Amino acid sequence: MLKFDWNIAFTFVNLIVFYLLMRKFLFGRIKKVMDERKALIQKQFDDAEQTSKEADEKLADYENRIANVEAEGEKIIADAKDSAKVEYNKIITKAEVDAEALKADAKKQIEMDSLAAKKAAKEEIASLAMQAAEKVVGKNVSAETDSDIFDDFLKESSEE
């Protein structure tokens, strides 16, 4: 038959009382600590996610800035090239104008030198003609007559 042992009943009652005491004093505190720990862990996850989002936003912003800087750099280079072309064209145009002016001045100088050489040659020829005429005539007619003959010769030479 079954024999009832009071030790088992006291043990069972002790376990129930121990469970109730633990529930009243210990489980509430443990649950509270676990909830706080869970909240702390969740907060850390949320903070990490927020930090990750901020880092992604900053990365996108930096990439955008880099793209803008590169585009601006390309624009500056293109503008500099355009300015250089304009300046190059100005310099070339000025050089061409200066070269034309130098050519015109050189032509004028050549013409003047040519006229001066022709005049000097005519004067030399007239002087030689006068000397030849003196030798032919044998005497020096007069300074006034020489001058008239000389001027007539120059006028005739100029007309040719």
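Select R65 first: in this predicted model the residue is partly exposed, with a relative accessible area of 49%. Keep R65 on display and add D61, with which R65 forms a salt bridge whose closest N and O atoms are 3.4 Å apart. The two residues are 4 positions apart in helix 1, a separation of about one helical turn, and D61 also counts as partly exposed, at 33% relative accessibility.

Next, go to D35 and K31, which likewise lie in helix 1, the element that covers residues 6–137, and which are 4 residues apart, about one turn of the helix. Here the closest N and O atoms of the salt bridge are 3.7 Å apart. Colouring by accessibility will separate the two partners, because D35 is partly exposed at 40% relative accessible area, whereas K31, at 53%, is exposed.

Then select K103 and E100, a pair in helix 1 with a spacing of 3 residues, again about one turn of the helix. Their salt bridge has its closest N and O atoms 3.9 Å apart, which falls within the 4 Å cut-off. E100 is partly exposed, with a relative accessibility of 49%.

These three stops are among the 7 salt bridges counted by this rule.

Finally, zoom out to the whole protein chain, which has 2 helices and 0 strands. Of its 160 residues, buried ones make up 2%. With the surface switched on, the chain exposes about 14700 Å², of which carbon and sulfur atoms supply 61%.

Key. Residues numbered from 1 in each chain as written. Predicted model: local features only at pLDDT ≥ 70, side-chain atom pairs only at ≥ 80, totals over all residues. Heavy atoms only, no water. Buried < 20%, exposed > 50% of the residue type's maximum accessible area, 1.4 Å probe, protein only. Areas by Shrake-Rupley, 256 points an atom, 1.4 Å probe, with all protein chains shown as cover. Salt bridge = Lys/Arg side-chain N within 4 Å of Asp/Glu carboxyl O.
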